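Please walk through this model strand by strand and helix by helix. Keep the sequence and the coordinates open side by side.

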Amino acid sequence: MKKIVIGIVLFLILATLSITQKTASNTSYQAVTYAPVELSNLLKRDKDKYVVIDVRSKVEYDAGHIPGAIHADYYDTEALKKAAGDKIPITYCAFSAMRGPYAAYSLYQQGFKNVGVLAGGISQWAEDIEEMDSSDPRFRTVFNHPKNIFPDRPKTDYPKGRGEVQFNIVATRFKFEPNEIVVEHGQKVTLHIRSDDIVHGIAIPEFGIEEELPPYEEKDITFIADRRGTFPFVCNVICGRAHEHASMVGNLIVK
Ligand SMILES: [Cu+2]
């Protein structure tokens, strides 16, 4: 009897541990976000420690950016690394809905353990710091952003006849489960993805994928894994506080 009790207790401890570990691996990345006023103060205090990276397109950057910000396209890993140098990078886009969080996560995976995102992007900065009115047409370029913000995808060769794979993904505040999808080069991939609480979204920019996920409605996304690499995906609907939303990320790995 004693042995059985010890066995049950051990089993419960191990089960709890494995659940804790699973949760930990899903939430290991926590985006740090700064409100515009916080960022402004941070830069006044500690200018040399941080670098602000504008990860929108060059056209948007040229139309107006945060003073001192360096430009790098959000999907251009090498440009991002170069812009960050040996400093702590803080990224932003128009609203920091997709491109800002994507670039920060991408830098994190490149070894930058401290990364930040400007909450609300340049829109919030313009309102809070520059005191621009978002309905003023003079500032249209600041508050509007282009429709297509995906990278160009030149046609690539991929092995044919690699078959098909399917995955079920559940999106909830503030994670995708699973948050890592591993497929083989050339496979046809279908993601059956559903939100189990509020409106989320999923964007896999390198594959031109962007889908809004209303609660409890399954969306099917099909594409060919026609290029190798690790491709981050993000929730592109601001679904919570800035740091929660910006932490809702995952990886598509094409082997
Ligand atoms: Cu979300």
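In this predicted model, strand β6 spans residues 164-172 and runs antiparallel to β7, with three bridges between the two. One point on this ladder is easy to find: Thr 172 faces Lys 175 of β7. The pair belongs to an open sheet of four strands, ordered β7-β6-β9-β12. Pairing in this sheet is mixed. Its edges are β7, residues 175-177, and β12, residues 219-224. Each of these edge strands pairs on one side only. Between neighbouring strands of the sheet the average turn is 25 degrees, direction ignored.

Now turn to β14, which covers residues 249-254 and pairs in the parallel sense with β8, residues 180-183. Four bridges link β8 and β14. Here Val 182 stands opposite Ile 253 of β14. Strand β14 also pairs with β13, residues 229-234. This second pairing is antiparallel and has six bridges. Look for Val 234, whose bridge partner in β14 is Val 249. Strand β14 thus offers both senses of pairing: parallel with β8, antiparallel with β13.

Go back towards the N terminus for another sheet. Five strands make up this open sheet, in the order β1-β5-β4-β2-β3. The pairing is parallel. At the edges lie β1, residues 32-34, and β3, each paired on one side only. The link from β2 to β3 consists of two bridges in the parallel sense. In one of them, Asp 54 has His 71 of β3 as its partner.

Which elements do the buried residues of α4 pack against? They pack against β2 (50-54), β3 (70-71) and β4 (88-92), and also against α5. The buried residues themselves are Leu 80, Ala 83 and Ala 84. Their arc around the helix axis is only 95 degrees, so they lie on the same side of α4. Glu 78 and Lys 82 are exposed on the other side of the helix. Directly after α4 comes Gly 85, with a positive phi of about 55 degrees.

The contact of α4 with α5 deserves its own look. Helix α4 covers residues 77-84 and helix α5 residues 99-109. Their axes come within 10 Å and cross at roughly 80 degrees. A crossing angle from 65 to 115 degrees counts as roughly perpendicular, so α4 is roughly perpendicular to α5. From α4, the contact uses Thr 77, Leu 80 and Ala 84. From α5, it uses Ala 103, Ser 106 and Leu 107. By type, four of the contact residues are nonpolar and two are polar. None is charged. Two names recur: Leu 80 and Ala 84 take part in this contact and are also among the buried residues of α4.

Last comes α6, residues 121-128. How many of its eight residues are buried? Six are, so the helix is largely enclosed by the rest of the structure. The buried residues are Gly 121, Ile 122, Ser 123, Gln 124, Trp 125 and Ala 126.

Methods
Residues numbered from 1 in each chain as written. Predicted model: local features only at pLDDT ≥ 70, side-chain atom pairs only at ≥ 80, totals over all residues. Pairing = 2+ DSSP bridges. Axes fitted to C-alpha atoms, helices over the stretch in contact; angles between N-to-C directions. Parallel < 35°, antiparallel > 145°, perpendicular 65-115°, else oblique. Contact = placed C-beta atoms within 7 Å. Nonpolar A, V, L, I, M, F, W, Y, C, P; charged D, E, K, R; others polar. Buried ≥ 20, exposed ≤ 12 C-beta atoms within 10 Å, placed from the backbone. Arc of directions from axis to C-beta.
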